[in-house]
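Please open the model in your viewer and keep the sequence panel beside it, since this tour moves from one selection to the next.

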Amino acid sequence: MSDRRPRAAWRRSPAEPPATAASPSPEPPADRPSVMQAGLYRDGHRVSSPATLAETFRQLREHPDGMAWIALQRPTEQELHSLAAEFDLHELAVEDAMEAHQRPKLERYGSTLFVVLRAARYLDAQEEVEFGELHVFVGPDFLITVRHGAAPDLSTVRRRMEKDPELLALGPEAVLYAILDAVVDGYAPVVAGVQNDIDEIETEVFGGDPAVSRRIYELSREMVEFQRATRPLVGMLHALMAGFAKYGTDEELQRYLRDVADHVTHTSERVDGFRQALTDILTVNATLVTQQQNAEMRALAEAGFEQNEEIKKISSWAAILFAPTLVGTIYGMNFDAMPELDWAFGYPFAILLMAVVCTSLYFIFKRRDWL
């Protein structure tokens with residue numbers, strides 16, 4: 001990085017709120033492909049606010065001791081090519097900035113650093129995490145941000161920096177630090193929101209909510225995305241700290257960058273813990289669902305068994321009652337040639353036969369536990 005800037009100690013003002021305290025800036029209208037904000041700074045103070053890229057380029061050439069800070073949101077291909085031609089940006093970095101959907105990374109192309117960051121914000125109404133993408137080009141006398149998404153709110157970073165000329169006078173390295181600090185600070189409310197979601201999910205799991213499995217799955221997917229945003233940032237910050245030390249960046253700025261690295265490490269560990277907790281909760285939920293299904297199957301089996309016992313009893317009594325009906329039906333046919341019609345003991349014999357058959361069936365069913 002450039003070493004021509006004055007070196008001065010920097011302290012964050014205790015009255016200055018963190019970057020995450022402000023609400024995110026609104027999305028640009030659909031018929032407006034890009035939003036640009038540019039400023040030309042000298043010795044930590046803004047000297048002009050060019051309205052176009054061409055004007056920014058012209059003023060920076062007229063004031064070679066200045067620094068240009070250009071912020072773009074969803075820029076057009078023409079705007080990026082114009083920046084690339086003016087600041088000699090590498091074509092691969094420009095292509096990444098145009099396509100977006102990049103993983104966090106830190107790359108050096110000559111005297112220019114190219115940084116990709118994934119910002120995040122928690123949406124309370126939807127109870128979900130929204131991710132944005134930020135590309136940063138850092139050169140000796142310029143810093144360019146290309147934002148895809150609503151987060152982070154870089155206008156707050158600019159206001160903070162302009163209120164602290166001592167920090168801004170350190171050049172593009174200080175602006176890069178402030179952007180990293182804002183992105184990392186933005187992770188804190190996300191972590192708090194996710195922790196609250198996990199607490200609610202645990203209550204729903206043990207409460208038997210049937211929709212909790214879907215919520216666990218959706219939150220797990222968000223944590224995978226969150227992990228992809230935070231885990232590479234740990235190595236990136238360590239590499240950036242090594243570069244700051246190599247190029248003699250202000251020592252106080254190096255200390256604050258180490259503080260950001262500590263926060264990122266803590267956040268990354270929390271996200272890893274969230275993923276493990278969601279995996280455990282999903283396992284517990286599957287176990288509880290299985291237990292509930294087993295209990296329902298057991299209840300159905302018991303009900304079927306009881307129903308089967310009742311059917312056995314009904315069938316047994318129906319068979320017992322059917323026996324005398326059969327005998328009585330045969331003897332009630334009133335045919336002339338039937339045997340035993342003129343027998344004096346015919347009636348008692350029929351009654352006795354009915355009794356013997358019914359008693360025999362009763363004891364047979366009783367022995368088989370049907371009655």
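**A tour of charged and nonpolar sites**

Begin by selecting Glu-107, which is partly exposed in this predicted model, with a relative accessible area of 25%. Add Lys-105 to the selection, and you will find a salt bridge between Glu-107 and Lys-105, whose closest N and O atoms are 3.7 Å apart.

Next, select Asp-197 and Arg-215, which form a salt bridge with the closest N and O atoms 3.3 Å apart. Asp-197 belongs to helix H7 (residues 187–207) and Arg-215 to helix H8 (residues 212–246), so this pair ties together parts that are 18 residues apart in sequence. Both Asp-197 and Arg-215 are buried, and if you add Glu-127, Glu-200 and Glu-204, you will have the one network that salt bridges with shared partners make of these residues together with Asp-197 and Arg-215.

Now move to helix H1 (residues 53–62), where Glu-62 and Arg-58 are four residues apart, about one helical turn. Glu-62 and Arg-58 form a salt bridge, their closest N and O atoms lying 2.4 Å apart.

Which residue is buried yet has no salt bridge? Select Glu-133 in strand S6 (residues 128–138): the nearest side chain of opposite charge, that of Arg-118, is 4.5 Å away, while a salt bridge requires a distance within 4 Å. The side chain of Glu-133 does, however, make a polar contact with the side chain of His-135 (2.8 Å).

Finally, select Phe-322, Leu-326, Ile-330 and Met-333, which make a nonpolar surface patch of about 390 Å². Met-333 sits in the loop between helix H9 (251–331) and helix H10 (346–367), and is partly exposed, with a relative accessible area of 46%.

Notes: Residues are numbered from 1 along each chain as its sequence is written. This is a predicted model: local features need pLDDT of at least 70, side-chain atom pairs count only at pLDDT 80 or more; totals for chains, interfaces and linings use all residues. Side-chain values use heavy atoms; hydrogens and water are left out. Patches are made of residues with over 30% relative accessible area and no salt bridge: like charges are joined within 9 Å, nonpolar side chains (Val, Leu, Ile, Met, Phe, Trp, Tyr) within 5 Å. Accessible areas come from the Shrake-Rupley method with a 1.4 Å probe; for residues, only the protein chains shown count as cover. Helices (H or I, at least four residues) and strands (E, at least two) are DSSP runs, numbered from the N terminus. Buried means under 20% relative accessible area, exposed over 50%, partly exposed in between (1.4 Å probe, protein chains only). Lys and Arg count as positive and Asp and Glu as negative; His and the chain ends are not counted. A polar contact is a pair of N or O atoms within 3.5 Å; within protein, one must be able to donate a hydrogen and the other to accept it, and residues adjacent in sequence count only if both atoms are side-chain atoms.
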